[in-house]
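Please read the following report alongside the sequence and the structure. It deals with one side chain, then with salt bridges, a sheet and a pair of helices.

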Amino acid sequence: MLSLALDDDRRSLPYYLIHLLDAEDTAGYFQAFGALLREEEAQLLWRGGLQTLHSGRTRDEIREVALLEFRAGSSVVRMMTSSAYRDLTAQTAPILLGTESPPGPIAQDETLLLWLVDLVEGGDVAVLEDLGGTAGDFRGQLIWSTPIAVLEGDRDWNHALLIAFPDAERLSEWLRAPATSTARALARRQYAAEALLELQSG
């Protein structure tokens with residue numbers, strides 16, 4: 001978060017967060033978190049729960065994900081340095097991933113596949129985007145590919161991709177397809193770690 005706080009240009013531009021939460025009382029948390037968002041005039045773009053962790057470590061089995069839009073990076077800094085935010089997150093320990101790139105439009109009834117990776121030095125994100133593009137054969141669509149910064153949490157991810165499918169069946173068919181399995185094996189050369197989360201709004 002320090003670079004965001006010190007960079008005047010980034011502080012004045014819209015900023016987006018991927019908010020990952022693993023807490024038992026997610027409803028209570030987001031009720032309180034919503035008050036913080038309203039103070040900063042931020043918007044909740046999408047919120048949903050984890051259906052399946054297709055790849056990743058046990059600690060990546062988060063319960064809910066939210067996509068948020070802030071009018072400026074300075075609003076994120078102000079929220080995260082407030083006493084209300086620190087009190088709220090003292091026990092829940094959310095993961096916040098930030099980017100200046102807005103996500104594409106998301107329909108509320110779509111099934112999403114959030115792909116978080118730690119690209120190695122010299123890793124070619126185009127390889128991952130080409131793989132995400134093959135979802136089109138299963139009525140899916142790559143709607144977001146963006147560098148990310150870990151603002152809160154103990155993770156090493158530096159890039160996020162979001163693929164939308166009309167339903168979980170199409171997503172499953174794409175993952176099981178032999179061509180997808182082969183392409184994923186080749187894509188693993190580009191990153192050191194990944195988390196592949198199937199999400200459903202709700």
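Is E194 buried or exposed? The model is a predicted one, and in it E194 has a relative accessible area of 11%. Buried means under 20% relative accessible area, so E194 is buried.

**The surroundings of E194**

E194 is found in strand β9, which covers residues 191–201. Its side chain makes a polar contact of 2.6 Å with the side chain of S55. Another polar contact, of 2.9 Å, joins the side chains of E194 and Y191. Leaving aside residues up to four places away in sequence, E194 touches S55, G56, D60, W115, L116, V117, W157, R184 and R188. Two residues of that list, D60 and R184, return below as members of salt bridges.

**Salt bridges**

How many salt bridges does a search of the whole structure find? The search finds 8. Among them are the three in the table, each given with its N to O distance.

| Salt bridge | Distance, N to O |
|---|---|
| D60 and R155 | 3.0 Å |
| E152 and R86 | 3.2 Å |
| R184 and E194 | 3.4 Å |

The side chains of D60 and R155 meet in one of these salt bridges. D60 lies in the loop between β2 (43–55) and β3 (64–70), while R155 lies in the loop between β7 and β8, so this pair ties together parts that are 95 residues apart in sequence. Both D60 and R155 are buried.

E152 and R86 form another salt bridge through their side chains. E152 lies in strand β7 and R86 in helix α5 (residues 83–92), so the pair ties together parts that are 66 residues apart in sequence. With a relative accessibility of 16%, E152 counts as buried. R86, at 38%, counts as partly exposed.

The side chains of R184 and E194 also meet in a salt bridge. R184 lies in helix α8 and E194 in strand β9, so parts that are 10 residues apart in sequence are tied together by this pair. R184 counts as buried, at 13% relative accessibility, and E194 counts as buried at 11%.

**The sheet**

Several strands named above belong to an open sheet of 9 strands, in the order β6-β8-β5-β9-β2-β3-β1-β4-β7, with antiparallel pairing. Which strands stand at the edges? They are β6 (141–147) and β7 (149–152), and each has a single partner strand, so one side of each is left without a neighbour in the sheet. From one strand to the next, the twist averages 30 degrees.

In general, the strands of a sheet pair through backbone hydrogen bonds, either parallel or antiparallel. Here β5 (residues 111–119) and β8 (residues 159–165) run antiparallel and are joined by 7 bridges. In one example, L112 has A164 of β8 as its bridge partner.

**Two helices**

Helix α8, which holds R184, packs against another helix. Helix α7 (residues 168–176) and helix α8 (residues 178–187) pack at an angle of about 65 degrees, and their axes are 5 Å apart. On the α7 side, the contact is made by W174, L175 and R176; on the α8 side, by P178, T180, S181 and R184. The residues of this contact divide into 3 nonpolar, 2 polar and 2 charged. R184 therefore takes part in the contact with α7 as well as in the salt bridge that ties helix α8 to strand β9.

Conventions. Residues are numbered from 1 along each chain as its sequence is written. This is a predicted model: local features need pLDDT of at least 70, side-chain atom pairs count only at pLDDT 80 or more; totals for chains, interfaces and linings use all residues. Side-chain values use heavy atoms; hydrogens and water are left out. Two strands pair if DSSP finds at least two bridges between them. Helices (H or I, at least four residues) and strands (E, at least two) are DSSP runs, numbered from the N terminus. Axes are lines fitted to C-alpha atoms, for helices over the stretch in contact, and angles run from 0 to 180 degrees between N-to-C directions. Contact means heavy atoms within 4.5 Å. Ala, Val, Leu, Ile, Met, Phe, Trp, Tyr, Cys and Pro count as nonpolar, Asp, Glu, Lys and Arg as charged, and the others, Gly among them, as polar. Buried means under 20% relative accessible area, exposed over 50%, partly exposed in between (1.4 Å probe, protein chains only). A polar contact is a pair of N or O atoms within 3.5 Å; within protein, one must be able to donate a hydrogen and the other to accept it, and residues adjacent in sequence count only if both atoms are side-chain atoms. A salt bridge is a side-chain nitrogen of Lys or Arg within 4 Å of a carboxyl oxygen of Asp or Glu.
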